[in-house]
Every structure is written in C-alpha cells, then in structure tokens.
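Please load the model in your viewer and keep the sequence panel open beside it. The stops below go from the whole chain to single residues.

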Amino acid sequence: MKELLEFLVKKIVKNTEAVSITEDATPEQLVLNLKVEPSEAGLVIGKGGRTIKSLRNIIKVIAIKEGKRVDIRLANELVASEPTTETSTE
C-alpha cells in the first residue's frame, strides 16, 4: 500500500524527491504519514479535499481486500487547512 500511495503522489507533485511516506502500525490499523513539499500540499489535497479523499479511498479498497484498516495522514494538511485570522489595525 505504501508503494502504491507513493507512486500516485509522485504523479501529482512536481518535486518527487520531497515525497516521503512513513508507516506507523498499531494492532487496529496502519497509518501512512505522507509528507510533500509545503508548496505542493495544495495539489495533494485538491479542491475541496477531493484529491486526498480519492487517494484515501483507493488505499482503503486495497486495505479492505487485505482485511486491514488504513489511514493516510498528510503532514501538511493541518497547516494548509487552518483558517487564517486577519487582524485589523484601523
């Protein structure tokens, strides 16, 4: 699953060298931690989160076939989706 995710993400981003995936396994599930260059996090997330949801669904199908639970966590996702607060100095 890690290899498939890496293959798919490298087809989306331009800087393929910055793509890294680590695995954290617990008895309940496998967590794939995905890191990409911060400037390309938006490409992996996609408009409205569609791209990352699609990646999760693809990996989920394979995991179900193997009787496993998998979660994909994008390290940049929290940073990219945090609301920005603007303060006015008027």
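The tour covers the chain as a whole, the sheet, the core, two buried loop residues and a pocket.

**Whole chain**

Start with the cartoon of the full chain, and bear in mind that this is a predicted model. Four helices and three strands are present, and from the N terminus they follow the order α-β-β-α-α-β-α. Colour by accessibility next: the chain has 90 residues, and 28% of them count as buried. Of the contacts with a separation of 6 or more, 55% are between residues 24 or more positions apart.

**The strands**

Select S1, residues 20-25, together with S2. These two strands run antiparallel and are joined by six bridges. They form a hairpin, with four residues between the strands. To check the register, show Ile21, which stands opposite Leu34 in S2. Thr22 has Asn33 as its bridge partner in S2.

Now keep S2, residues 30-35, and add S3. Here the pairing is parallel, over five bridges. Leu32 lies opposite Ile72 in S3, and Asn33 has Arg73 as its bridge partner in S3. Asn33 can therefore be picked as a link across the sheet, because it is the bridge partner of Thr22 and also has Arg73 as a partner.Show the side chains of S3, residues 70-74. Which residues make up its covered face, and which its uncovered one? Val70, Ile72 and Leu74 are on the covered face, while Asp71 and Arg73 are on the uncovered one.

**The core**

Nonpolar side chains in soluble globular proteins tend to be buried together. In this model the largest nonpolar core has 20 residues. Select Leu5, Val9, Leu32, Leu34, Val36 and Val44, the residues with the most contacts inside that core. The elements giving two or more residues to it are helix H1 (2-12), S2, helix H2 (41-45), helix H3 (50-65) and S3. H3 gives the most, with four residues.

Centre the view on Val44 and display what surrounds this residue. Leaving aside neighbours within four places in sequence, Val44 is in contact with Val9, Ile12, Val13, Leu34, Val36, Thr51, Ile52, Leu55 and Leu74.

**Two buried loop residues**

Move to Val19, in the loop between H1 and S1. Is this residue buried or exposed? Val19 counts as buried, because its relative accessibility is 8% and the cut-off for buried is under 20%. Not counting residues up to four places away in sequence, Val19 touches Glu6, Val9, Lys10, Val13, Leu34, Lys35 and Val36. Draw a distance from Val19 to Leu34: their C-alpha atoms are 7.3 Å apart, and the two are 15 residues apart in sequence.

Next select Glu40, found in the loop between S2 and H2. Glu40 has a relative accessible area of 7%, so this residue is buried too. With residues up to four places away in sequence left out, Glu40 touches Val13, Lys14 and Asn15. The C-alpha atoms of Glu40 and Asn15 are 8.2 Å apart, across 25 residues of sequence.

**The pocket**

Finish with a surface view of the largest pocket, which has a volume of about 190 Å³. To show the lining, select Gln29, Arg56, Asn57, Ile59, Lys60, Ala63, Ile64, Lys68, Arg69, Val70, Asp71 and Ile72. H3 and S3 are the elements that give two or more residues to this lining. Which of the elements supplies the largest share? H3 does, with six residues. Colour the lining by residue class to see five nonpolar, two polar and five charged residues.

Notes. Residues are numbered from 1 along each chain as its sequence is written. This is a predicted model: local features need pLDDT of at least 70, side-chain atom pairs count only at pLDDT 80 or more; totals for chains, interfaces and linings use all residues. Side-chain values use heavy atoms; hydrogens and water are left out. Buried means under 20% relative accessible area, exposed over 50%, partly exposed in between (1.4 Å probe, protein chains only). Two strands pair if DSSP finds at least two bridges between them. A nonpolar core is a set of buried Ala, Val, Leu, Ile, Met, Phe, Trp, Tyr and Cys residues joined through side-chain atoms within 4.5 Å. Contact means heavy atoms within 4.5 Å. On a 1 Å grid over the protein atoms alone, a cavity is a set of points where a 1.4 Å probe fits but cannot get out, and a pocket is an open set with protein on both sides within 12 Å along at least five of seven lines; lining residues have an atom within 4 Å of a point. Grid points are joined across faces, edges and corners, and a volume is the space filled by probe spheres set on the points. Ala, Val, Leu, Ile, Met, Phe, Trp, Tyr, Cys and Pro count as nonpolar, Asp, Glu, Lys and Arg as charged, and the others, Gly among them, as polar.
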